[in-house]
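Biologist: I would like to learn how to read a structure step by step. Could you walk me through some features?

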Amino acid sequence: MTGASGPKPLSVTETPIPGLLVCELPVMSDNRGWFKENWQREKMVALGLPDFNPVQNNVSFNTKKGATRGIHAEPWDKYVSVASGRIFGAWVDLREGRTFGRTFFTELDPSRAVYVPRGVGNAFQTLEDSTAYTYLVNDHWSAEAQSQYVFLNLADETAGIPWPLDLAGAEISAKDRVHPRLSDVPPMPPRRTLVLGANGQLGKALRKALAGRTDVEFAGRGELDLSDPSALAQVDWKNYSTVINAAAYTAVDDAEGSGRADAWQVNGAAVAELARLAQEHHLTLVHVSTDYVFDGARAGHPEDEPFAPLGVYGQTKAAGDLAVATVPRHYILRTSWVIGEGHNFVRTMAALAERGVSPSVVDDQIGRLTFAEDLAGAIVHLLDAGAPYGTYNVSNEGPSMAWADVAREVFVLLGKPGDRVTGVSTAEYFAGRSAAPRPLNSVLDLDKLRATGFTPPPAQERLAAYVAGLADRERAE
Ligand code: NDP
């Protein structure tokens, strides 16, 4: 443990099992005995150990050399070390996926620990009498949790663990003797992803983007109503690793009056509760924000522009953003002018064009469209790429446009004269009507998103395809 030149330095190294890490621990010895920092969050996280938030510490004392335990894959992460004595440790990946069955073995003494991710089978054999084996876990043990354990037989031929002491003579519990062989082991499924608001424009696009993913669940308002303060408490969050919140109160004008309380509940209070749950259960929380958190006084909003919402909707969304930003693993995608399946500006203009109406459309609100499929694509990209957590602006690329320009383009794409659309100022358009104030400039700076390797297609390209597909969509809905 302590060589002639002092203790070895703290290090964290990878193994052939993804996420299984070996930690070399400095142990300081003198005439009295030894001392080590067994787990030191700050230093270890800096070296690559996950910040795994342990909540329980267990110790198993093994009287005799040859005591053998395992192979157990548990539904939480654990950090295993030895307080005295020595073990031969063996790990078998029992998670669903292509590394199922992969093995790793090493000896642990007080100077070496192992981080075992959820679903990796853990086993050991003591190499000395009086071995104290200790581990930190990031969930409390319960009988219900134990029902999710996955077990593998210690003698499994495929794993082929080279036990130093023959299993025939080892001290093994009756239960551990009868666990199944690898071919009969049901792999531990991954934690799941939950999409909330799955029937909105973005929700529907996420259903398409994540189609075929057996680890993803979709919940619309019918399954989980965010206006019910108790709804989130009914979800068993232990089964999830990621929540994508595509739900929102989006009736911007109603939020100024009759919908104010609902808007605050769904966009503020429920999101704050989601953020709290994400912290408690170490979830990645993906949330969607809006250009309405800004006053629109400047062009090309950067992600970190200070909030200055003009109306209630923007205020409630800003409140949600502030809560989500406290979650260690969060992505906030700030977007503008979303067009997907459902009621939206482009569909309204297309309907007016077809009905022969010549509308007045505001020409002093400038922004860029965001097609829901590209917003969904950006979410999947950030998650899959493991992009740094934080806030990302997302809209389609291309020149900024006024709503009136978009309307004219829709008319032209439908073979109608663009000059049937008359531009009016926002002030004129809303004169005498009760409406929420809107930011005049909604253009979002996309550099941060591009730097992650995701470049959304130009809005004009998407608009042409969308308008061409409207007739088919109308038939399908
Ligand atoms: P939609 O209005 O199409 O979808 C919102 C979804 O949230 C709906 O399916 C709605 O359910 C659901 N919802 C509303 N209230 C509740 C509730 N109490 N419990 C559960 N679900 C609820 O919006 P988008 O898909 O366009 O918006 C996605 C995100 O993008 C939102 O965060 C929004 O704020 C943001 N955004 C949208 C913009 C836009 O132009 N649309 C612009 C900028 C940002 P139901 O179908 O039952 O009503």
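Modeller: We will look at helix packing, then at some single residues, keeping in mind that this is a predicted model.

Biologist: Let us begin with helices. At what angle do helix α7 and helix α9 pack?

Modeller: For a helix pair, read the distance between the axes together with the angle. Helix α7 (residues 345-355) and helix α9 (residues 403-413) have axes 9 Å apart and pack at about 50 degrees. An angle between 35 and 65 degrees counts as oblique, and therefore α7 and α9 are oblique to each other. Their crossing is right-handed.

Biologist: Which residues make the contact?

Modeller: From α7 come Phe345, Val346, Met349, Ala350, Leu352 and Ala353, and they meet Trp403, Val406, Ala407, Val410 and Phe411 of α9. Sorted by class, this contact has eleven nonpolar residues, with no polar and no charged ones.

Biologist: Which residues of α7 are buried?

Modeller: The buried ones are Phe345, Val346, Arg347, Met349, Ala350, Leu352 and Ala353.

Biologist: And what should I look for at the ends of α7?

Modeller: Look for a cap at one end and for the backbone angles after the other. Asn344 caps the N-terminal end of α7, with a side-chain oxygen 3.1 Å from the backbone nitrogen of Val346. After α7 comes Gly356, which has a positive phi near 80 degrees.

Biologist: Let me try another pair. How do the axes of α4 and α8 cross?

Modeller: The axes of helix α4 (residues 201-209) and helix α8 (residues 372-385) come within 8 Å, crossing at roughly 60 degrees. This pair is therefore oblique as well, and the crossing is right-handed. On the α4 side, the contact involves Gln201, Leu202, Ala205, Leu206 and Ala209; on the α8 side, Ala372, Glu373, Leu375, Ala376, Ile379 and Val380. By class, these residues are nine nonpolar, one polar and one charged.

Biologist: Now for single residues. Where is Asn153, and is this residue buried or exposed?

Modeller: Ask about place, accessibility and partners in turn. Asn153 sits in the loop between β15 (150-151) and α3 (174-177). Its relative accessible area is 6%, so Asn153 is buried.

Biologist: What does the side chain of Asn153 reach?

Modeller: The side chain of Asn153 reaches the backbone oxygen of Arg177 at 3.1 Å. A polar atom of that side chain also lies 2.7 Å from the backbone oxygen of His179. Leaving aside residues up to four places away in sequence, Asn153 touches several residues, including Ile71, Asp176 and Pro180.

Biologist: Is there anything to notice about Ile71, and where does that residue lie?

Modeller: Check the peptide bond. The bond from Gly70 to Ile71 is cis, with omega near 0 degrees, and Ile71 is in strand β8 (residues 68-73).

Biologist: Which phi values deserve a second look?

Modeller: Look for positive values in residues other than glycine. Ser130 has a phi near 55 degrees, and Trp337 has one of about 50 degrees. Ser130 is in the loop between β13 (120-126) and β14 (131-137), while Trp337 is in the loop between β20 (330-335) and β21 (338-339). With 37% relative accessibility, Ser130 counts as partly exposed; Trp337, at 9%, counts as buried.

Biologist: One last idea: how many residues apart in sequence are Thr284 and Tyr331?

Modeller: They are 47 residues apart in sequence, and their C-alpha atoms are 7.8 Å apart in space. Thr284 is in strand β19 (residues 284-290) and is buried, with a relative accessible area of 10%. Tyr331 is among the residues that Thr284 touches, as are Ser241 and Leu383.

Conventions: Residues numbered from 1 in each chain as written. Predicted model: local features only at pLDDT ≥ 70, side-chain atom pairs only at ≥ 80, totals over all residues. Heavy atoms only, no water. Helix = DSSP H or I, 4+ residues; strand = E, 2+ residues; numbered from the N terminus. Buried < 20%, exposed > 50% of the residue type's maximum accessible area, 1.4 Å probe, protein only. Polar contact = N/O pair within 3.5 Å; in protein donor to acceptor, adjacent residues only side chain to side chain. Contact = heavy atoms within 4.5 Å. Axes fitted to C-alpha atoms, helices over the stretch in contact; angles between N-to-C directions. Parallel < 35°, antiparallel > 145°, perpendicular 65-115°, else oblique. Left-handed = near helix turned anticlockwise from the far one by under 90°. Nonpolar A, V, L, I, M, F, W, Y, C, P; charged D, E, K, R; others polar.
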